[in-house]
Amino acid sequence: MKIFGYEFDNHDGELVELSEEDINMGILFRLKWNSDVRLTAYEIGDTMHVSVQKDNSVLYHRFFRNAKKIGEIYFDSFVAELSQVSERISQGAFDRQKSHRERAAALVRERGLTGRMSNAKWHELISFMGEEIPTGFLAYGVKWLDKSEKEKYDIDWSYDWSYEKLPDFLLPLIEYIVINPVSEEGAMPSQDYSKEVCDGLEKNEIEYDITDGMIYIRGYI
């Protein structure tokens, strides 16, 4: 099949007819296999997304920021990802894979943890940090539940407080988020936003603790 001028091998996946609601949500197409694994390609703003689902659970997701330019067709990398993921689906790579929520639940039971942050609370944090803090240069790191204790210092650091970076299906796997309240704005003098961050967390009734000047919001304790 062709997608936006590119030849794309769908690896025997069945093309699903889209509803008007699907199209309005930015979905470009869906493919479905006999195993009930589905591949969805969609566009939100300036990002292109590739998502694999089964039983309403996301098994895999990747997005490409600025995947297209004005007046140009989609980048080869996006189409290459579609082809590669489709091939993995046809080979059964996702047939028995657990969803992120299922993996999180198993790890929580195994480690005897107690949940502290719901998806709704993570949404409040993301919205607050992305919209209310008076700087766009506060870095945060994520420690994922499925990283081993030896990997705990290999934290995924970012400045991007968005739902594209922290989508719903990944939130159950967050062990904690650590925020560096000191801004890093290139040649600009550093500024400490500890008070603003902590005041906002308290306003939103989000529990936190501070260690070595870093602010921790823990998904599980």
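Two strands count as paired if DSSP finds at least two bridges between them. I start there since the first part of this talk is about strands. One caution before that: what you see above is a predicted model.

First, the overall picture. The protein has 221 residues, and its secondary structure comes to 5 helices and 12 strands. Of the residues, 43% count as buried. The exposed surface is about 12,500 Å², and carbon and sulfur atoms supply 48% of that. Take the contacts between residues at least 6 apart in sequence: 55% of them join residues at least 24 apart.

Now the strands. Strand S4 covers residues 27–32, and S4 has pairings with S3 and with S5. With strand S3, residues 14–16, S4 runs antiparallel, and 3 bridges join the two. In that pairing, glutamate 14 stands opposite lysine 32 of S4. With strand S5, residues 38–44, S4 is again antiparallel, joined by 5 bridges. Here phenylalanine 29 stands opposite alanine 41 in S5.

S4 and S5 form a hairpin, with 5 residues between them. What is the phi of aspartate 36, in the turn? The value is positive, about 70 degrees, although aspartate 36 is not a glycine. This residue is in the loop between S4 and S5, and at 39% relative accessibility aspartate 36 counts as partly exposed.

There is another aspartate to set beside that one. Aspartate 212 also has a positive phi, about 50 degrees, and is not a glycine. You will find aspartate 212 in the loop between strand S11, residues 209–211, and S12. Is aspartate 212 buried or exposed? Exposed, because its relative accessibility is 79% and the cut-off for exposed is over 50%.

Next, the pocket. The largest pocket holds about 350 Å³ of space. Of the 19 residues that line the largest pocket, the closest to its centre are Met25, Ile27, Thr40, Tyr42 and Gln53. Which elements give two or more residues to this lining? They are S4, S5, strand S6 (47–54) and strand S7 (57–65). S5 gives the most, with 4 residues. So the hairpin strands S4 and S5 turn up again here, as elements that line the largest pocket.

Strand S7 also contains histidine 61. This histidine counts as buried because its relative accessible area is 17%, and the cut-off for buried is under 20%. Leaving out residues up to four places away in sequence, histidine 61 touches Tyr42, His49, Val50, Ser51 and Phe169. Take Ser51 from that list: histidine 61 and serine 51 are 10 residues apart along the chain, with their C-alpha atoms separated by 4.4 Å.

Now the interior. In soluble globular proteins, nonpolar side chains tend to be buried together. In this model, the largest nonpolar core has 33 residues. The residues with the most contacts inside this core are Leu125, Met129, Leu166, Ile177, Ile179, Val197 and Ile217. Six elements are worth finding on the structure, each supplying at least two residues of the core: helices H3 (100–111), H4 (119–131) and H5 (194–203), and strands S8 (140–144), S10 (174–179) and S12 (214–218). Which of them supplies the largest share? That is H4, with 5 residues.

Isoleucine 179 makes a good example from this core. Setting aside neighbours within four places in sequence, what is isoleucine 179 in contact with? The list is Met129, Ala139, Tyr140, Trp161, Val197, Met214, Ile215 and Ile217. Of these, Met129, Val197 and Ile217 are also among the residues with the most contacts inside the core. There is also a second, separate core of 20 residues, which includes Leu39, Met48, Val50 and Phe78.

Last, a cysteine. Cysteine 198 lies in helix H5, and cysteine 198 is buried because its relative accessible area is 9%. Outside the residues up to four places away in sequence, cysteine 198 touches Tyr208, Ile210 and Ile215. Cysteine 198 and tyrosine 208 are 10 residues apart in sequence, and their C-alpha atoms are 8.1 Å apart in space.

That is the tour. Please go back to the structure and find the S4 and S5 hairpin for yourselves.

Definitions and conventions: Residues are numbered from 1 along each chain as its sequence is written. This is a predicted model: local features need pLDDT of at least 70, side-chain atom pairs count only at pLDDT 80 or more; totals for chains, interfaces and linings use all residues. Side-chain values use heavy atoms; hydrogens and water are left out. A nonpolar core is a set of buried Ala, Val, Leu, Ile, Met, Phe, Trp, Tyr and Cys residues joined through side-chain atoms within 4.5 Å. Buried means under 20% relative accessible area, exposed over 50%, partly exposed in between (1.4 Å probe, protein chains only). Contact means heavy atoms within 4.5 Å. Accessible areas come from the Shrake-Rupley method with a 1.4 Å probe; for residues, only the protein chains shown count as cover. On a 1 Å grid over the protein atoms alone, a cavity is a set of points where a 1.4 Å probe fits but cannot get out, and a pocket is an open set with protein on both sides within 12 Å along at least five of seven lines; lining residues have an atom within 4 Å of a point. Grid points are joined across faces, edges and corners, and a volume is the space filled by probe spheres set on the points.
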